[in-house]
Amino acid sequence: MQKNMLPKFVMLSGLVLTSACGRIDHLGKPPSFTPANETPEHVAMLWEGLPQETRPQRAVDHASLWSGERQSLLGDRRAIKRGDIMTVVIEIDEKAEISNDTQRSRNGAESLGVPHLLGLPQRLDEKLPEGASVGEAVSVNSSSSSGGAGSVKRKEKLELRVAATIVDVLPNGVLAISGSQELRVNFEIRELLVTGYVRPEDISRQNEITYDKIASARVSYGGRGQITDVQQPRYGQQVLDAVLPF
């Protein structure tokens, strides 16, 4: 193997091994869960937060049901600070239909002849095999046609509920949330991820918020495991599909 080919071979081998790590994780065993102690939600829950201003308690407050504290009977228990948990309700029922038709055709012909170019064709014909001539130097005929038809029909219905954690409170009071959920059945993991930004006033008294009130919402519902691996094309086929122009 040539020296200049060795670095390329090493890089290609590293790329193949890196891309295969996801499948090696569940080779002969169920896929592993994502460690819960490495998520942004866990980091946010460990944050102690800023010190809160305390006010002197009156004697009547201890026996009052109308206290404004969150721990009281009628207190507001909605998530408002970093590390608090809320419920995200995802109810998607959408339908879309798109159809188009395209046709195209083209014909072309080109010819180039040099029968009298300072006598050169005649001299060249003497040296060519019998029947060959440069009188008609170039002759090109071409024709092409293409037609295409496309149709898209989509219907999506998804009903999910997932607990999300406030991972940050922005200066304007908007809450950044992040939630994840993993469910393993046999050798397949189904995972649900949701992130986005919500306003505190959009959180209901039940400490819930619907997905349509989440700005920059990113919802992912998928999975990984042996069934998912079989449904995906091999890495080599994906590379060829991206590189080959035809």
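Is N186 buried or exposed? In this predicted model, N186 is exposed, because its relative accessible area is 63%, a value that lies over the 50% cut-off for that class. The residue sits in the loop between β3 and β4, and its backbone is notable in that phi is positive, at about 55 degrees, although N186 is not a glycine.

**Overall layout**

The protein chain holds five helices and six strands, and along the sequence these elements follow the pattern α-α-β-α-β-β-β-β-β-α-α. Of the 246 residues in the protein chain, 19% are buried.

**The loops on either side of β4**

The loop that carries N186 also holds F187, placed between β3 (175-185) and β4 (188-198). F187 counts as partly exposed because its relative accessibility is 37%. Its C-alpha atom is separated by 6.3 Å from that of Q226, a residue that stands 39 residues apart from F187 along the chain.

A second asparagine, N207, also has a positive phi, near 60 degrees, and is likewise a residue other than glycine. N207 is found in the loop between β4 and β5, and it is buried because its relative accessible area is 15%, which falls under the 20% cut-off. N186, by contrast, is exposed at 63%.

**Salt bridges**

Side chains of opposite charge can pair when their charged atoms come close. In this model the count comes to seven salt bridges, and the table sets out some of them, with the distance between nitrogen and oxygen.

| Salt bridge | N to O distance |
|---|---|
| R161 and E208 | 2.4 Å |
| R190 and E188 | 3.4 Å |
| R199 and E201 | 4.0 Å |

The side chains of R161 and E208 meet in a salt bridge at 2.4 Å. This pair links distant parts of the chain, since R161 belongs to strand β2 (residues 138-169) and E208 to strand β5 (residues 208-210), 47 residues apart. R161 counts as partly exposed because its relative accessibility is 47%, and E208 is also placed in the partly exposed class because its relative accessible area is 24%.

How exposed are the partners in the salt bridge between R190 and E188? R190 is partly exposed, because its relative accessibility comes to 37%, whereas E188 is buried, because its relative accessible area is 7%. The closest N and O atoms of these two residues are 3.4 Å apart.

The bridge between R199 and E201, at 4.0 Å, belongs to a network of salt bridges in which R199, E201 and D202 are linked. Within that network, R199 is partly exposed because its relative accessible area is 44%, while E201 counts as exposed because its relative accessibility is 54%.

**Charged patches on the surface**

Which residues gather in a patch of negative charge on the surface? They are E91, D93, E94 and E159. Strand β1 (residues 85-112) gives the most to this patch, with three residues. E91 has its place in strand β1, and it counts as exposed because its relative accessibility is 56%.

A patch of positive charge is also found on the surface, where K95, K153, K155 and K157 gather. To this patch β2 gives the most, with three residues. K95, however, has its place in strand β1, and it is exposed because its relative accessible area is 58%. Strand β1 therefore holds both E91 of the negative patch and K95 of the positive patch, where the strand is defined as a DSSP run.

**A buried aspartate before β1**

D84 lies in the loop between α2 (40-46) and β1. Unlike the exposed E91, D84 is buried, because its relative accessible area is 12%. Its side chain reaches the backbone nitrogen of I80 at 3.2 Å, a separation that falls within the 3.5 Å cut-off for a polar contact between N or O atoms.

How values were computed:
Residues are numbered from 1 along each chain as its sequence is written. This is a predicted model: local features need pLDDT of at least 70, side-chain atom pairs count only at pLDDT 80 or more; totals for chains, interfaces and linings use all residues. Side-chain values use heavy atoms; hydrogens and water are left out. Patches are made of residues with over 30% relative accessible area and no salt bridge: like charges are joined within 9 Å, nonpolar side chains (Val, Leu, Ile, Met, Phe, Trp, Tyr) within 5 Å. Accessible areas come from the Shrake-Rupley method with a 1.4 Å probe; for residues, only the protein chains shown count as cover. Lys and Arg count as positive and Asp and Glu as negative; His and the chain ends are not counted. The place of a charge is taken as NZ of Lys, CZ of Arg, CG of Asp or CD of Glu. Helices (H or I, at least four residues) and strands (E, at least two) are DSSP runs, numbered from the N terminus. Buried means under 20% relative accessible area, exposed over 50%, partly exposed in between (1.4 Å probe, protein chains only). A polar contact is a pair of N or O atoms within 3.5 Å; within protein, one must be able to donate a hydrogen and the other to accept it, and residues adjacent in sequence count only if both atoms are side-chain atoms.
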